[in-house]
Amino acid sequence: NSIRDEIEENSIAVSFDDGYASSIKYALPILEEYKIPCVIFVATGFIKQQSTQFISRKQLQELASHELISIGSHTVTHPHLVRCNNEILHRELVESKLFLEDICGKQITCLSYPNGSYDTRTITEAKKTGYQQAYCSRVGYNATEENRYSLARTCIYGSDKLTDFKGRVFGHNDWHGLFFS
């Protein structure tokens, strides 16, 4: 099943991009305490760097078997996909997916476009590569008939105050729309 199929109406889904180790250190205990499922979208090139800033291969394996966590692709090198030529676009989507599937031992069906960067060409390639859904940085709500390859997400930052959080959840503070529309 895809993650989107499991979400009930009027729900909020939690996700983290890039594969930062801080997602485990700070967020996971809270998610476990409140039994909140989440998706971690991993840029596989960051894991290959073996930096302590990002999760390791071993941690990725452990996360993939965690009951509350789903793993998704965030490409290899985190590029603006609309700026990639066809060969690089294909490689970014395929190599990330295969790397994650090899380590996680399960099919990777979700993609988060780095920098929210997508267009019809990236959607077509995501479909061909076998992704069943893809998320962008467009702020908004996702109706059940929403395009599965341009699902909206709202960015929440550690520096946000409670009023910022509430504003973003209710559709205000669309920074991506201000700069990229």
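**Exercise 1. Place Lys106 in the fold and find what its side chain reaches.**

Lys106 lies in the loop between helix 4 and strand 4 (110-112); helices (H or I, at least four residues) and strands (E, at least two) are DSSP runs, numbered from the N terminus. The model is predicted: local features need pLDDT of at least 70, side-chain atom pairs count only at pLDDT 80 or more, and totals for chains, interfaces and linings use all residues. Residues are numbered from 1 along each chain as its sequence is written, and side-chain values use heavy atoms, with hydrogens and water left out.

Step 1. Lys106 counts as partly exposed because its relative accessibility is 43%; buried means under 20% relative accessible area, exposed over 50%, partly exposed in between (1.4 Å probe, protein chains only).

Step 2. Setting aside neighbours within four places in sequence, Lys106 is in contact with Ala64 and Glu101, where contact means heavy atoms within 4.5 Å.

Step 3. From C-alpha to C-alpha, Lys106 and Ala64 are 8.2 Å apart, with their positions 42 residues apart in sequence. The Lys106 side chain reaches the backbone oxygen of Ala64 at 2.5 Å.

**Exercise 2. Describe how helix 3 packs on helix 4.**

Step 1. The axes of helix 3 (residues 57-64) and helix 4 are 9 Å apart, at an angle of about 75°. Axes are lines fitted to C-alpha atoms, for helices over the stretch in contact, and angles run from 0 to 180 degrees between N-to-C directions.

Step 2. Helix 3 is therefore roughly perpendicular to helix 4, a label for angles of 65 to 115 degrees; under 35 is roughly parallel, over 145 roughly antiparallel, and the rest oblique.

Step 3. Helix 3 contributes Arg57, Leu60, Gln61 and Ala64 to the contact, and helix 4 contributes Phe99, Leu100, Ile103 and Cys104.

**Exercise 3. Characterise the aromatic pair of Phe41 and Tyr135.**

Step 1. A search of the whole structure finds four aromatic pairs. Rings of Phe, Tyr and Trp (its six-membered ring) pair if their centres lie within 6.5 Å; planes under 30 degrees apart count as stacked, over 60 as edge-to-face and the rest as tilted.

Step 2. Phe41 and Tyr135 form a tilted pair, 5.7 Å centre to centre with 50° between the planes.

Step 3. Phe41 lies in strand 2 (residues 38-42) and Tyr135 in strand 5 (residues 133-135), so the pair ties together parts that are 94 residues apart in sequence. Both Phe41 and Tyr135 are buried.

Notes: A polar contact is a pair of N or O atoms within 3.5 Å; within protein, one must be able to donate a hydrogen and the other to accept it, and residues adjacent in sequence count only if both atoms are side-chain atoms.
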